[in-house]
Amino acid sequence: MTLLTSEQYKQDLLAQLKMAKHRIAIASMVLYYEDGMTEIFTALKNALDRGVIVAIVVDSYNNFLFTEGSNLFKLVSYRHRIRATRQAFAELREHGATITEVGSVGPNPYKRRFHYKCVVVDDVVYFAGGVNMTRLSFEQTDYMLRTQNTQFADDLVRHLSDIATNGKQSDTTLYIDQNNTLFIDSGAPDKSIIYDRAVALSKQAESIVYVSQLAPSGPLASLLRQKNAVLYFNRPAQLSFPASLDQYLSAWQYRQPNSYQGEDFIHAKYMLFTLPGDKKIALSGSHNFSYRGVQYGTKELALEATSPAVWNELQQFTNRRIATRSSYDQKI
């Protein structure tokens, strides 16, 4: 299992899409046709023309105007992006793609979101990171894990097909191998097997590294205050409204010290646990470990890895991209 930064992920994914022979399955909260994304859409269309099966599942948030920190001055460009994306989806469907939009956007844009981020190309799986399918996502401080595993790819494609067909799902656990388990939240309000695992592992841990777009909240935040934990999350000023307000409130309510002093926007979401006996466990995926997502019923993916290799890769990512004052772009 290999960690790819968001930048590396885009290049590796493009190469795999161009070589795809049998199937491509994409699950993402958002998938935009915009500058920086045209190569991916072209690769998908070419794959379809080669006879490759292409299935895409996205959230209805894909049509929501106020995304990625939008403001009144950006409405025109975002409206154009939505229109261009709809046209690109129509073209892919004409070439044989199956594209399913799930959920709906109401007064609360966070409610019952489809927050998955994973891609299967033949037997290669990209997952357990936070990268959406947009230009900005491939530029953020984030990553995806890459593995080649036929059985896991089959299981994940079958799961996504069930969502596209039935629209409903239940909490699911996929056993990848003896060291790796994928937990899937169904989106039932006030219930999250991923958040519960974060709490359970935190109770056992002697030390914890927490990295997320959002500050911890709920029972997990209260627990982390009692632990030897180092926390990294975006400062409120780095977030758009209303996430910035929620970040202020969480930081005030739980009095969590934030060790992040970098300039780049954190979109990665993972926790590193060191348990008694120096046992290492990583929890990595789309869940921000904020209780807001639990309350509103967000559908999430997260990998629990007991292999030291995954833990070490995430620790290296922390050292290079998170625990630094300077932006990564200035360091390379």
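Leu245 sits in helix α7, which spans residues 243-254. This is a predicted model, and in it Leu245 has 41% relative accessibility, so it counts as partly exposed. Together with Phe241 and Leu249, Leu245 makes a nonpolar surface patch of about 330 Å². Beyond that patch, there are two open sheets to look at, one in the order β1-β7-β6-β5-β2-β3-β4 and one in the order β8-β9-β14-β13-β12-β10-β11.

**The sheet from β1 to β4**

- Seven strands make up this open sheet, and their pairing is mixed.
- Its edges are β1 (2-5) and β4 (98-102), each of which pairs on one side only.
- On average, neighbouring strands here are turned by 15 degrees against each other, direction ignored.
- At the β4 end, strand β3 (residues 53-59) runs parallel to β4, and five bridges join them.
- One of the bridge pairs puts Asp59 opposite Val102 in β4.

**The sheet from β8 to β11**

- This open sheet also has seven strands and mixed pairing.
- β8 and β11 (229-233) are the edge strands, each pairing on one side only.
- From one strand to the next, the twist averages 15 degrees.
- Strand β8 (residues 172-177) pairs with β9 in the antiparallel sense, over five bridges.
- A hairpin through two residues takes β8 into β9, and Thr173 has Phe183 as its bridge partner in β9.
- On to the next neighbour: β9 and strand β14 (residues 301-305) are antiparallel too, again with five bridges.
- β14 also pairs with β13, in the antiparallel sense over four bridges, with Ser284 bridging to Leu303 in β14.

**Strand β9 and Thr181**

- What is the state of strand β9 (residues 180-184), covered or open? It is mostly covered, with five of its five residues buried.
- In a regular strand, side chains alternate between the two faces of the sheet.
- Both faces of β9 are covered: Asn180, Leu182 and Ile184 are buried on one side, and Thr181 and Phe183 are buried on the other.
- Thr181, in β9, has a relative accessible area of 14%, so it is buried.
- The bridge partner of Thr181 in β14 is Glu304.
- Apart from neighbours within four places in sequence, Thr181 is in contact with Thr173, Leu174, Tyr175, Ala302, Leu303 and Glu304.

**Leu283 in β13**

- Leu283 belongs to strand β13, residues 279-285.
- Is Leu283 buried or exposed? Its relative accessibility is 0%, so Leu283 counts as buried.
- Residues up to four places away in sequence aside, Leu283 touches a list of residues including Ile194, Arg197, Tyr270, Met271, Phe273 and Phe289.
- Ala302, Leu303 and Glu304 are also among the residues that Leu283 touches.
- Back to the patch residue Phe241: its C-alpha atom is 28 Å from that of Leu283, and the two are 42 residues apart along the chain.

**Helices lying across the sheets**

- Helix α4 (residues 150-166) lies across β8 and β9, running at about 165 degrees to β8.
- Helix α9 (residues 308-322) lies across β1 and β7 (143-148), at about 25 degrees to β1.
- Which strands of the β8 to β11 sheet does α9 lie across? They are β9, β10 (207-212), β11, β12 (270-275), β13 and β14, with α9 running at about 120 degrees to β12.

Key:
Residues numbered from 1 in each chain as written. Predicted model: local features only at pLDDT ≥ 70, side-chain atom pairs only at ≥ 80, totals over all residues. Heavy atoms only, no water. Buried < 20%, exposed > 50% of the residue type's maximum accessible area, 1.4 Å probe, protein only. Contact = heavy atoms within 4.5 Å. Patch = residues over 30% accessible without salt bridge, like charges linked within 9 Å, V, L, I, M, F, W, Y side chains within 5 Å. Areas by Shrake-Rupley, 256 points an atom, 1.4 Å probe, with all protein chains shown as cover. Salt bridge = Lys/Arg side-chain N within 4 Å of Asp/Glu carboxyl O. Pairing = 2+ DSSP bridges. Axes fitted to C-alpha atoms, helices over the stretch in contact; angles between N-to-C directions.
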